[in-house]
Amino acid sequence: WYDFYISPKANPDGAPQVTILFQDITERKRAEEALRESEQQLKRLLKLRDEFIGIASHELKTPVTSMKVYAEIVAERLEEIGNQDASNLLFRLNAQIDRLIMLINNLLDTTKISEGQLRLDLEEIDLNELLRDRVEEIKRTTNHVFELHTENLPCVIADRERIGQVITNLLSNAIKYSPKGTTIRIGSRKEEEGVRVSVQDEGLGIPEGDIDKIFERFFRVTAKNMDTYPGMGLGLYISRKIVEKHKGRIFVQSKEGEGTVFSFMLPC
Ligand code: ADP
């Protein structure tokens, strides 16, 4: 491979003269080709990864859903015969099955998102009521203190399940990434652009350099501490996609060591 440059110039005696400069660019071309090839290979690998996630999560969903049904039947039987010890163990088993179902659903959601299949079932919802429900539900699982401050809000057109999923994601992150017994403040208010929901914790906070990346798929600040903070780095990615699908926006403000505020805005 050669590049060439032509520069016309006049001789001192006035005769026309042309300089042609050849440059060997074989190395550069080879490097460009290798880069193109590795980009294509990366694309193929990512496609394979997405296909694997789709198939594996789909196949896992059926047996886990059956486990949940059987566990509920056993729970009823144990209650009938009054075996409290076994009942308590089953309660824990159920909580783990719920966790597994949530992880599988997150994987299925990422497949839906990458295939453009995330659909909304829109209706008029009472956001404050949804907030209260989700806070009540999650309160039972932890000893954090919850403070809920709501303002009168106009009705919002949204997918109740999906927005509920965003709220639960933010609440469970606040619980997971802040010490037991600390306060989690949840608020709702009407603003010019729409309605805003916020979840504030007094936890680890997020390092400044990572703030821009936390909504990316599979990104985790705490990847080194998998056992202390289990997770797959999907909750915020899915939450952002759900909020954006509603033409809303999601925000984060955080200070390492002090705490984090996540909020999202939905148009009225
Ligand atoms: P996961 O919690 O499963 O890792 P998420 O997508 O919900 O995935 O969050 C991505 C990352 O953002 C987390 O791994 C964590 O490092 C950080 N993060 C999320 N919420 C908080 C929070 N409230 N406080 C501190 N860090 C957080």
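Visitor: Which residues are the closest to the ligand, and how many residues surround the ligand?

Guide: In this predicted model, 19 residues surround the ligand, and the closest are Asn173, Tyr177, Asp201, Arg220 and Leu236. Sorted by class, that shell has 9 nonpolar, 7 polar and 3 charged residues.

Visitor: What makes the pair formed by Arg220 and the ligand a polar contact?

Guide: A polar contact is a pair of N or O atoms within 3.5 Å, and an N or O atom in the side chain of Arg220 is 2.4 Å from an oxygen atom of the ligand, so the pair counts as a polar contact. The cut-off also takes in Lys176, because a polar atom of the Lys176 side chain lies 3.0 Å from a ligand oxygen atom. With Met232 the polar atom belongs to the backbone, and the distance to an oxygen atom of the ligand is 3.1 Å.

Visitor: How much of the ligand's accessible area does the protein cover?

Guide: On its own the ligand has 530 Å² of accessible area, and the protein covers 96% of that. The elements that give two or more residues to the shell around the ligand are α4 (160–176), α5 (235–245) and β9 (259–266).

Visitor: Why is α2 called oblique to α5?

Guide: Helix α2, residues 84–114, packs with α5 at an angle of about 45°, and their axes are 10 Å apart. Angles under 35 degrees count as roughly parallel and those from 65 to 115 as roughly perpendicular; about 45° belongs to neither range, and therefore α2 is oblique to α5.

Visitor: Is the crossing of α2 and α5 left-handed or right-handed?

Guide: The crossing of these two helices, α2 and α5, is left-handed.

Terms used. Residues are numbered from 1 along each chain as its sequence is written. This is a predicted model: local features need pLDDT of at least 70, side-chain atom pairs count only at pLDDT 80 or more; totals for chains, interfaces and linings use all residues. Side-chain values use heavy atoms; hydrogens and water are left out. A residue is near a molecule or strand if one of its heavy atoms lies within 4 Å of it. A polar contact is a pair of N or O atoms within 3.5 Å; within protein, one must be able to donate a hydrogen and the other to accept it, and residues adjacent in sequence count only if both atoms are side-chain atoms. Accessible areas come from the Shrake-Rupley method with a 1.4 Å probe; for residues, only the protein chains shown count as cover. Helices (H or I, at least four residues) and strands (E, at least two) are DSSP runs, numbered from the N terminus. Ala, Val, Leu, Ile, Met, Phe, Trp, Tyr, Cys and Pro count as nonpolar, Asp, Glu, Lys and Arg as charged, and the others, Gly among them, as polar. Axes are lines fitted to C-alpha atoms, for helices over the stretch in contact, and angles run from 0 to 180 degrees between N-to-C directions. Angles under 35 degrees count as roughly parallel, over 145 as roughly antiparallel, 65 to 115 as roughly perpendicular and the rest as oblique. A crossing is left-handed if the near helix is turned anticlockwise from the far one by less than a right angle, and right-handed if clockwise.
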